[in-house]
Amino acid sequence: MIKNDLALNTAHYLESQVSQMINIDDLRQKFHDRQYKLTPQRQIILQAFLDNQDKHLCAEDVHNIVREKSSDIGLATVYRTLEILSDLDVLHKMDFGDGRSRYEINESSAPHQHHHLICLSCGKVREFEDDLLETLENVISRKSNFKIIDHQVKFYGYCQECQDK
């Protein structure tokens, strides 16, 4: 009974949160089109991203978060769900060179992904919103007759806290 209540509460909360970023009907349709089910476990995992939008979560991070809400969600379920959500373009999968895939909600309404500042000392990842490459992108597109849809930039260095140490 408690598990069903948790799933129902999560589903209602998810619908209110997702409607701001992801249309819940579109999400259900994406799952249906690929013959997946939007299970309570998958909803709880997606909720972890909605509750931590400022973070770039790996599978282990997500597992630690969701185990607080539902102890029966295993790491294998988290890995499978992250791959499904990534395949459905609900999550954006990234590699910051630390041996772990990281994920964030795919904001498909944005024309470009934001860029990332990655600290080589502590591993902290910050987002950098300014898109200073638009002019360069236009030049490359024009000169190469190549329609650029998006780009990704990662800057590696040291955050202020690590510089101060």
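Angles between helix axes under 35 degrees count as roughly parallel, over 145 as roughly antiparallel, 65 to 115 as roughly perpendicular and the rest as oblique. The structure above is a predicted model, in which local features need pLDDT of at least 70 and side-chain atom pairs count only at pLDDT 80 or more, while totals for chains, interfaces and linings use all residues. Residues are numbered from 1 along each chain as its sequence is written, and side-chain values use heavy atoms, with hydrogens and water left out.

**The chain as a whole**

The chain holds seven helices and five strands, where helices (H or I, at least four residues) and strands (E, at least two) are DSSP runs numbered from the N terminus. Read from the N terminus, these elements follow the order α-α-α-α-α-β-β-β-β-α-β-α. Of the chain's 165 residues, 36% count as buried, a term that means under 20% relative accessible area, with exposed meaning over 50% and partly exposed in between (1.4 Å probe, protein chains only).

**The core and two of its helices**

The largest nonpolar core, a set of buried Ala, Val, Leu, Ile, Met, Phe, Trp, Tyr and Cys residues joined through side-chain atoms within 4.5 Å, has 24 residues, of which Ile45, Phe49, Val62, Val66, Val78 and Leu82 touch the most other members. The elements listed here each give two or more residues to this core, and H3 gives the most, with six residues.

| Element | Residues |
|---|---|
| helix H2 | 24-33 |
| helix H3 | 40-51 |
| helix H4 | 59-67 |
| helix H5 | 75-87 |
| strand S2 | 101-105 |

How do H3 and H4 cross? Their axes, which are lines fitted to C-alpha atoms over the stretch in contact, with angles running from 0 to 180 degrees between N-to-C directions, come within 9 Å and cross at roughly 105°. H3 and H4 are therefore roughly perpendicular to each other. Contact, meaning heavy atoms within 4.5 Å, is made by Ile44, Ile45, Ala48 and Phe49 of H3 and by Val62, Ile65 and Val66 of H4.

Leaving out residues up to four places away in sequence, valine 78 touches Ile45, Ala59, Val62, His63, Val66 and Ile73.

**Around cysteine 119**

Cysteine 119 lies in strand S3, residues 115-119, and because its relative accessibility is 5%, this cysteine counts as buried. Apart from neighbours within four places in sequence, cysteine 119 is in contact with Lys124, Gly157, Tyr158, Cys159 and Cys162. Cysteine 119 and glutamate 161 are 42 residues apart in sequence, and their C-alpha atoms are 9.8 Å apart in space.
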